[in-house]
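Me: I want to go through this structure by question and answer. Please keep it brisk.

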Amino acid sequence: MKIALITENSQAAKNGIIHDALTTVAEPFGHDVFNYGMYTAEDSASLTYVMNGLLAGILLNSKAADFVVTGCGTGMGSMLACNSMPGVFCGLVIDPTDAFLFNQINAGNAISMPYAKGFGWAAELNLQDCYRKLFENEAGAGYPRERAEVMKKNRGILADLKGATCHDMLTVLKNVDQDLLRAAIAGERFAEYFYANSQDEAISDYLRNL
């Protein structure tokens, strides 16, 4: 699985801590982690939590990533922005129980975490425990297990609902503020990671021509 890490400007100084925790857990499970930044608070390309959502939508709908790990001060802004995108199902994860239940019940493709609120001593251990609960088990197995089929049915209904209420990603890209879009893909490694992994030529071509 290709996992994308996206960090917004208020928490950019913690990117290294988050990235280390994520790779420590994800890579032994055979997953590849792509760090889309921000890498430091001084990066020339600055991401807001709104851009986190737009970038998550681009990565997931193009299949350049299979899963997105993002966040902001409380995690709520990035979660809302992600969930405004077609095909993105993002949960707010604060502790390992959240991570386990989101994986087993909702089987979404993105999480948002608080990287300021409650981020204190041994925070990196909480990150590792959360990521482990996300990636150590097959998603969607259900909790409790006997409700797995009901949960699967509800995920399908939610996907259909989102499909009915959202435009496709290419339409989103064409209609969103183009300066916002350019800023969201301005990270120093975006082109290196994205175009090598994108499986949607229409999305790739549109972004190349911006």
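Reply: A polar contact here is a pair of N or O atoms within 3.5 Å; within protein, one must be able to donate a hydrogen and the other to accept it. Keep in mind that this is a predicted model.

Me: At the start of α10, which backbone nitrogen does a side-chain oxygen of Asp200 reach?
Reply: The cut-off for a polar contact is 3.5 Å. The side-chain oxygen of Asp200 comes to within 3.1 Å of its partner at the start of α10. That partner is the backbone nitrogen of Ala202.

Me: Why do the buried residues of α10 line one face of the helix?
Reply: Helix α10 spans residues 201-208, and Ile203, Ser204 and Leu207 are buried there. An α-helix has 3.6 residues a turn, so residues three or four places apart point the same way. Seen down the axis of α10, the buried residues line one face because they fall within an arc of 100 degrees.

Me: Which helices do the buried residues of α10 pack against?
Reply: The buried residues are Ile203, Ser204 and Leu207. Contact means heavy atoms within 4.5 Å. The packing partners of these buried residues are α2 (49-61), α7 (169-175), α8 (178-184) and α9 (190-197).

Me: Which element gives the largest share of the lining of the largest pocket?
Reply: The largest pocket holds about 260 Å³ of space. Its lining has 15 residues, with Phe89, Asn106, Gly108, Arg155 and Leu158 closest to the centre. Two elements give two or more residues to this lining, α4 (96-106) and α6 (148-165). The largest share, six residues, comes from α6.

Me: By class, how many residues in the lining of the largest pocket are charged?
Reply: Asp, Glu, Lys and Arg count as charged. Nine residues of the lining are nonpolar and four are polar. The charged ones number two.

Me: Which element supplies the largest share of the lining of the second largest pocket?
Reply: About 200 Å³ of space lies in this pocket. Of its 15 lining residues, Ile94, Pro114, Lys117, Gly118 and Phe119 lie nearest the centre. At least two lining residues each come from β5 (110-114) and α5 (123-135). The largest share, three residues, is from α5.

Me: How many residues in the lining of the second largest pocket are nonpolar?
Reply: One lining residue is charged and four are polar. The nonpolar residues number 10.

Me: Is His31 buried or exposed?
Reply: His31 sits in the loop between α1 (15-26) and β2 (32-35). Its relative accessible area is 14%. The cut-off for buried is under 20%, so His31 is buried.

Me: Which backbone nitrogen does the side chain of His31 reach?
Reply: Leaving aside neighbours within four places in sequence, His31 is in contact with Met1, Ile3, Ala26 and Phe135. One of these also supplies a backbone nitrogen, at 3.5 Å from the side chain of His31. That nitrogen belongs to Met1.

Me: What separates the C-alpha atoms of Glu42 and Glu136?
Reply: Glu42 lies in the loop between β2 and α2. At 67% relative accessibility, Glu42 counts as exposed. Glu42 and Glu136 are 94 residues apart along the chain, and their C-alpha atoms are separated by 34 Å.

Me: What separates the C-alpha atoms of Tyr143 and Gln104?
Reply: Tyr143 lies in the loop between α5 and α6 and is partly exposed, at 45%. Not counting residues up to four places away in sequence, Tyr143 touches Phe100, Leu101, Gln104, Ile105 and Met151. Tyr143 and Gln104 are 39 residues apart along the chain, with a C-alpha separation of 6.0 Å.

Me: Which residue does a cis peptide bond join to Tyr143?
Reply: Omega of this bond is about -5 degrees. The partner also lies in the loop between α5 and α6. It is Pro144.

Me: Where is Met38, and to which residue does the cis peptide bond from Gly37 lead?
Reply: Met38 is in the loop between β2 and α2. The bond from Gly37 is cis, with omega near 5 degrees, and leads to Met38.

Me: What is phi of Lys63?
Reply: Lys63 is in the loop between α2 and β3 (67-72). With a relative accessible area of 46%, Lys63 is partly exposed. Phi is positive in this residue other than glycine, near 65 degrees.

Terms used: Residues numbered from 1 in each chain as written. Predicted model: local features only at pLDDT ≥ 70, side-chain atom pairs only at ≥ 80, totals over all residues. Heavy atoms only, no water. Buried < 20%, exposed > 50% of the residue type's maximum accessible area, 1.4 Å probe, protein only. Helix = DSSP H or I, 4+ residues; strand = E, 2+ residues; numbered from the N terminus. Arc of directions from axis to C-beta. 1 Å grid on protein atoms, 1.4 Å probe; cavity = no way out; pocket = protein on both sides within 12 Å on 5 of 7 lines; lining within 4 Å. Points joined across faces, edges and corners; volume = space filled by probe spheres on them.
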